[in-house]
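Open the model in your viewer and keep the selection box handy. We will walk from one stop to the next, and at each one you will find something to select and something to look for.

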Amino acid sequence: QGCIQKENDDISKAYLLKAWQDSTVSKSFHRFPIAEELAFTSELMDELNQLLEDKNNFDEFAAACFEPCLGFKIKQVNQTSKSILVSLDCARVYIYQNNHRSEKFLSPLGKVKFLLFLNQLFPDYLKK
């Protein structure tokens, strides 16, 4: 007898995204289709936090587009969840928390560091 397993929504995840929003797909993150996903460990969360806190990874300007390739759903104990979308092509990071969106612009160094992190999480991404 089969059981329908409900997806665990209480864990943090990293997503490899397709850059164009599509409301018709069933598996999406902020309406961006999910190509791959994985559970996000506390070690990886520490790496992401270091990337986000390093001021050298950010700049004052970015392209006027947003096509994310990477997403994160961060579940924090006794706090609201946080969603992060990263667009390497457009050098932008959107952070959603408490019904508020903040935006950061990636520096050239930041783009390289996030690309390395993306490749660490999803090693097949650069092979495509």
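Before you start clicking, here is how burial is used on this tour: a residue is buried under 20% relative accessible area, exposed over 50%, and partly exposed in between, with a 1.4 Å probe and protein chains only. What you have open is a predicted model, in which local features need pLDDT of at least 70 and side-chain atom pairs count only at pLDDT 80 or more, while totals for chains, interfaces and linings use all residues. Residues are numbered from 1 along each chain as its sequence is written, and side-chain values use heavy atoms, with hydrogens and water left out.

**Stop 1: the sheet**

Switch to cartoon view. Helices (H or I, at least four residues) and strands (E, at least two) are DSSP runs, numbered from the N terminus. Two strands pair if DSSP finds at least two bridges between them. In what order do the eight strands of the open sheet run? Follow S2-S3-S1-S5-S6-S7-S8-S4, with antiparallel pairing. The edges are S2 (28-29) and S4 (58-59), each of which pairs on one side only.

Zoom in on the S2 edge. Here S2 meets S3 (residues 32-39) in the antiparallel sense over two bridges, and Ser28 stands opposite Pro33 of S3.

**Stop 2: strand S1**

Now select 13-17, which is strand S1. S1 pairs with S3 over five antiparallel bridges, and Leu17 has Ile34 as its bridge partner in S3. S1 also pairs with S5, again in the antiparallel sense, over four bridges; look for Tyr15 and its bridge partner Gly71 in S5.

Turn on the side chains. In a regular strand the side chains alternate between the two faces of the sheet. On one side of S1 you will find Lys13, Tyr15 and Leu17, on the other Ala14 and Leu16, and all are buried. Five of the five residues of S1 are buried, so this strand is largely enclosed by the rest of the structure.

**Stop 3: helix H1 and the core**

Select 42-53 to light up helix H1. H1 lies across S3, S4, S5 (70-74), S6 (82-87), S7 (92-97) and S8 (100-106), and runs at about 115 degrees to S5. (Axes are lines fitted to C-alpha atoms, for helices over the stretch in contact, and angles run from 0 to 180 degrees between N-to-C directions.)

A nonpolar core is a set of buried Ala, Val, Leu, Ile, Met, Phe, Trp, Tyr and Cys residues joined through side-chain atoms within 4.5 Å. The largest one has 25 residues, and Phe40, Leu48, Phe72, Ile84, Val86, Phe114 and Leu121 have the most contacts inside it. H1 gives the largest share of this core, five residues.

Click on Ile84. What is it in contact with, leaving aside neighbours within four places in sequence? Its partners include Leu48, Leu52, Phe72, Val93 and Ile95, where contact means heavy atoms within 4.5 Å. Apart from the largest core lies another, of eight residues, among them Phe29, Ile34, Phe66 and Leu85.

**Stop 4: aromatic rings**

Rings of Phe, Tyr and Trp (its six-membered ring) pair if their centres lie within 6.5 Å; planes under 30 degrees apart are stacked, over 60 edge-to-face, and the rest tilted. There are seven aromatic pairs in the structure. Select Phe40 and Phe72: this pair is tilted, at 5.1 Å centre to centre with 50 degrees between the planes. Phe40 is in the loop between S3 and H1 and Phe72 is in S5, 32 residues apart. Phe72 is buried at 0% relative accessible area. Next try Phe66 and Tyr94, a stacked pair at 3.7 Å and 10 degrees. Add Phe32 and Tyr96 to see the cluster that ring pairs build with these two.

**Stop 5: salt bridges**

Finish with charges. A salt bridge is a side-chain nitrogen of Lys or Arg within 4 Å of a carboxyl oxygen of Asp or Glu, and the structure holds four.

- Glu37 and Lys27 meet at 3.2 Å, N to O. Lys27 is partly exposed, at 40% relative accessibility. Lys13 joins these two in a network of salt bridges.
- Lys113 and Asp54 have their closest N and O atoms 3.1 Å apart. This pair links H2 to the loop between H1 and S4, across 59 residues.
- Glu103 and Arg92 have their closest N and O atoms 1.9 Å apart. Arg92 counts as buried, at 11% relative accessibility.
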